[in-house]
Amino acid sequence: MANLSEDNGEETPLQVRLNGVATFIGMVGLSVAGVVLGVLAIRYFTGHTKNPDGTVQFRAGTTGLKQGFMGAIRILTIAVTIVVVAVPEGLPLAVTLTLAYSMRKMMLDKALVRRLSSCETMGSATTICSDKTGTLTLNKMTVVEAHFIGTRLDPCDDVRAISSSSAALLIEGIAQNTTGTVFLPEDGGAADVTGSPTEKAILSWGLKIGMDFNDVRSKSSVLHVFPFNSEKKRGGVAVQSDTGVHIHWKGAAELVLSSCKSWLSLDGSVQPMGAQKRNEYKKSIEDMAKSSLRCVAFAYCQCDIEKIPKEDIADWKLPEEDLTLLGIVGIKDPCRPGVRSAVQLCKNAGVKVRMVTGDNIETAKAIALECGILDANGVISEPFVIEGKAFREMSEIARGEIADKITVMGRSSPNDKLLLVQALKRKGHVVAVTGDGTNDAPALHEADIGLAMGMSGTEVAKESSDIIILDDDFTSVVKVVRWGRSVYANIQKFIQFQLTVNVAALVINVIAAVSSGDVPLNAVELLWVNLIMDTLGALALATEPPTDNLMKRQPVGRREPLVTNIMWRNLFVQAIYQIAILLIFNFSGKKILRLQNESPDNAEKMKNTFIFNTFVFCQIFNEFNARKPEERNVFKGVTKNHLFMGIVCVTTVFQILIVEFLGKFFKIVRLNWSLWLVSVAIGVVSWPLAYLGKFIPVPVRPLQAYFKPCWKSSRRDEEEGRQG
């Protein structure tokens with residue numbers, strides 16, 4: 001458990017992408033800031049920077065030291081502010097907010113998140129390796145078919161045809177070879193059966209055929225126990241009674257049958273297991289398995305008391321060959337309601353569901369067909385349906401070749417599940433695994449997302465997992481996928497919004513700085529924009545609830561870029577519009593806004609205030625566009641997100657307060673109502689523009705892929721030059 005709890009240090013698919021985006025934005029921001037610093041410094045110290053009244057700000061040999069120093073500080077402040085705006089410090093905040101919000105909401109959908117980053121990783125999942133028992137099925141087992149003395153019992157609890165000696169042997173095996181118990185109330189009420197679902201089903205059936213649990217256990221003593229082993233798929237016990245020492249075995253029907261050399265007949269005599277009889281039993285097992293029944297066989301053998309070690313009995317290996325078959329039962333475990341539709345939802349979402357179970361391959365196929373994992377019209381043979389042993393015995397290369405094709409794995413051991421997870425990860429899949437047992441822990445730990453069962457799961461399995469499914473239901477697993485995709489989508493929305501502000505602010509300030517030596521958006525204004533963009537923007541967009549459209553997309557996997565072509569299109573449409581409008585006002589604003597009658601200083605301030613106000617309103621209205629990057633109707637469900645509406649209102653109110661009452665602090669002036677209307681109108685245009693922009697087709701190939709060949713060739717040229 002201690003080893004499994006160690007963090008393997010692997011970054012999630014989203015973390016890898018975010019690191020790349022953050023580094024890229026940071027590098028661009030630093031480069032732009034460096035260019036602006038250099039240009040402004042050169043213009044200032046060479047006397048090309050002028051005041052609004054036309055006077056030169058710095059004259060060599062004339063301007064005082066203090067005035068020159070303050071000018072240099074102002075230039076440095078502008079450059080630093082550009083870096084602050086460009087560096088996406090709000091990105092970690094947006095990620096944490098959306099993860100925390102989703103984690104809280106997922107609790108309502110019966111999923112307890114133990115590792116925060118697993119929320120978004122689940123959204124990238126390309127395949128889910130699911131257990132059968134308890135996850136796809138209800139784990140409420142009952143014996144519905146029984147084969148004893150070479151015939152089928154009808155009904156399954158009618159043992160009148162079985163001799164008393166044969167029935168006694170069978171009941172002894174049921175009562176002693178079990179990890180469950182039967183409690184009989186003193187008032188004569190219904191018996192209380194405890195244990196695993198399989199044990200409970202067999203013990204309940206034992207009671208129906210006349211077993212007195214406490215009486216049977218008191219008549220014989222247990223010498224040694226071989227607990228059920230998931231590798232051998234069987235468990236045994238050695239008991240001593242007045243009739244001698246009996247070794248009872250119980251386990252997977254076809255495996256126990258293969259160890260039997262004889263069978264118990266109608267009169268209680270032992271008959272040799274001929275080929276015909278063995279085939280009859282095999283046919284019975286296959287028929288039950290095809291009816292989605294779990295087949296469990298009972299067998300025993302007698303043992304001479306002299307062969308039992310008197311010392312170190314704990315190391316005694318129970319005889320497991322040359323057994324006598326007592327009988328076989330078929331246990332029904334019905335599928336959970338809603339599983340078939342949940343599996344279909346996964347298929348539509350591009351997530352492949354694979355069943356990995358310890359049950360008979362025929363039982364696994366029948367349940368997989370019932371759940372919709374296998375298609376009745378599809379191929380139901382190797383390699384799509386495979387036994388764990390066959391997969392285990394393959395080479396690593398062969399396992400890698402067929403891992404993608406495997407849909408159902410029957411008779412699998414926990415190690416087979418681990419090998420399958422490793423093979424799928426090597427193929428580039430983002431793998432989710434469900435498990436409940438201690439032996440599932442390695443696979444849960446190895447998977448990108450380990451999903452432990454909250455009701456039937458062991459503590460070690462839960463400790464090895466990332467998410468605990470509280471109701472053990474596969475439909476809850478699908479809800480986790482939906483929330484994971486919502487996390488990824490919300491982060492993409494925030495990045496689109498942030499990059500639009502970044503591009504617009506940087507381009508406007510750079511062009512203005514290079515051309516006039518001054519910038520329209522000063523340091524304090526840019527910091528307010530930064531607050532809107534980072535903190536408030538993260539809060540608004542990180543809490544968008546998931547939509548049904550999320551489960552109609554294909555999974556993003558590991559290699560797809562975080563910023564998609566659709567995002568680039570939306571970004572460029574809005575950024576180009578904002579840059580064009582604001583630069584026009586920067587260079588011709590006094591004339592357009594009819595400020596010629598104002599003093600030069602006041603006209604400059606009014607123009608810059610108008611640009612600042614318009615820029616902020618462009619971001620406020622663009623925040624609505626960021627909600628739905630792919631849909632044309634960006635207002636769908638907006639009133640249901642109260643936090644989003646609240647943040648938009650708060651931002652608007654603060655902007656009004658800043659312009660009207662905090663002019664001295666922001667170095668701006670009040671605007672009249674007509675300029676306010678123009679600012680808002682320019683911002684509103686972003687809505688129809690976003691609608692029209694979504695008609696622009698985008699290429700399937702990611703934008704980043706077009707630059708990779710150039711980058712690779714330049715790197716190759718450098719290496720060749722170095723070698724030369």
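Colleague: Is Met645 buried, partly exposed or exposed?

Modeller: This is a predicted model, and the answer rests on computed accessibility. Buried means under 20% relative accessible area and exposed means over 50%. Met645 has a relative accessibility of 27%, so Met645 counts as partly exposed.

Colleague: Which helix holds Met645, and what does Met645 touch beyond its neighbours within four places in sequence?

Modeller: Met645 has its place in helix H21, residues 642-661. With the neighbours within four places in sequence left aside, its contacts are Phe624, Val638 and Thr639.

Colleague: What separation is there between the C-alpha atoms of Met645 and Lys132?

Modeller: Along the chain, Met645 and Lys132 are 513 residues apart. In space, their C-alpha atoms are separated by 44 Å.

Colleague: Which residues does UniProt list under "transmembrane region", and how much of 643-663 is helix?

Modeller: The unreviewed UniProt entry lists 21-45, 75-101, 566-587, 643-663 and 675-693 under that name. For residues 675-693, the model has 95% helix and 0% strand, with end C-alpha atoms 27 Å apart. For residues 643-663, the end C-alpha atoms are 29 Å apart, strand is 0% and helix is 95%.

Colleague: What domains does the assignment give, and how far apart are the C-alpha centres of domain 2 and domain 3?

Modeller: The assignment gives domain 1 (13-107 + 480-552 + 562-705), domain 2 (114-138 + 336-472) and domain 3 (142-332). The contact between domain 2 and domain 3 takes 15 residues from domain 2 and 15 residues from domain 3. Their C-alpha centres lie apart by 30 Å.

Colleague: Is Thr363 buried or exposed, and which residues does Thr363 touch?

Modeller: Thr363 is found in helix H11, residues 361-371. Its relative accessibility is 1%, under the 20% limit, so Thr363 counts as buried. Not counting residues up to four places away in sequence, Thr363 touches Ala289, Ser292, Leu293 and Arg294.

Colleague: Which helix gives the largest share of the largest nonpolar core?

Modeller: The largest nonpolar core has 109 residues, and those touching the most other members are Met122, Ile128, Ile373, Ile467, Phe474, Ile495 and Phe615. At least three residues come from each of domain 1 and domain 2. The largest share, 17 residues, comes from residues 474-516, which form helix H17.

Colleague: What is Phe615 in contact with?

Modeller: Phe615 is among the members of that core that touch the most others. Leaving aside neighbours within four places in sequence, its contacts are Val501, Ala504, Ala505, Ile508, Leu521, Val529, Gln578 and Leu582.

Colleague: How many residues of H5 are buried?

Modeller: Helix H5 covers residues 164-176 and reaches 18 Å from its first C-alpha to its last, close to the 18 Å expected. Its buried residues include Ile171 and Ala175. Of the 13 residues in H5, the number buried is ten.

Colleague: How many disulfides are there, and why is Cys260 not bonded to Cys301?

Modeller: A search of the whole structure finds zero disulfides. Cys129 is in none, and the nearest cysteine sulfur, that of Cys346, is 12 Å away. Both Cys129 and Cys260 are buried, at 0% relative accessibility. A disulfide needs sulfur atoms within 2.5 Å, so the sulfur of Cys260 is too far from that of Cys301, at 9.6 Å.

Key: Residues numbered from 1 in each chain as written. Predicted model: local features only at pLDDT ≥ 70, side-chain atom pairs only at ≥ 80, totals over all residues. Heavy atoms only, no water. Helix = DSSP H or I, 4+ residues; strand = E, 2+ residues; numbered from the N terminus. Expected span 1.5 Å × (residues − 1). Buried < 20%, exposed > 50% of the residue type's maximum accessible area, 1.4 Å probe, protein only. UniProt positions renumbered as here; feature names shortened; annotations may be inferred. Core = buried A, V, L, I, M, F, W, Y, C linked by side-chain atoms within 4.5 Å. Domains from an automatic or database assignment. Contact = heavy atoms within 4.5 Å.
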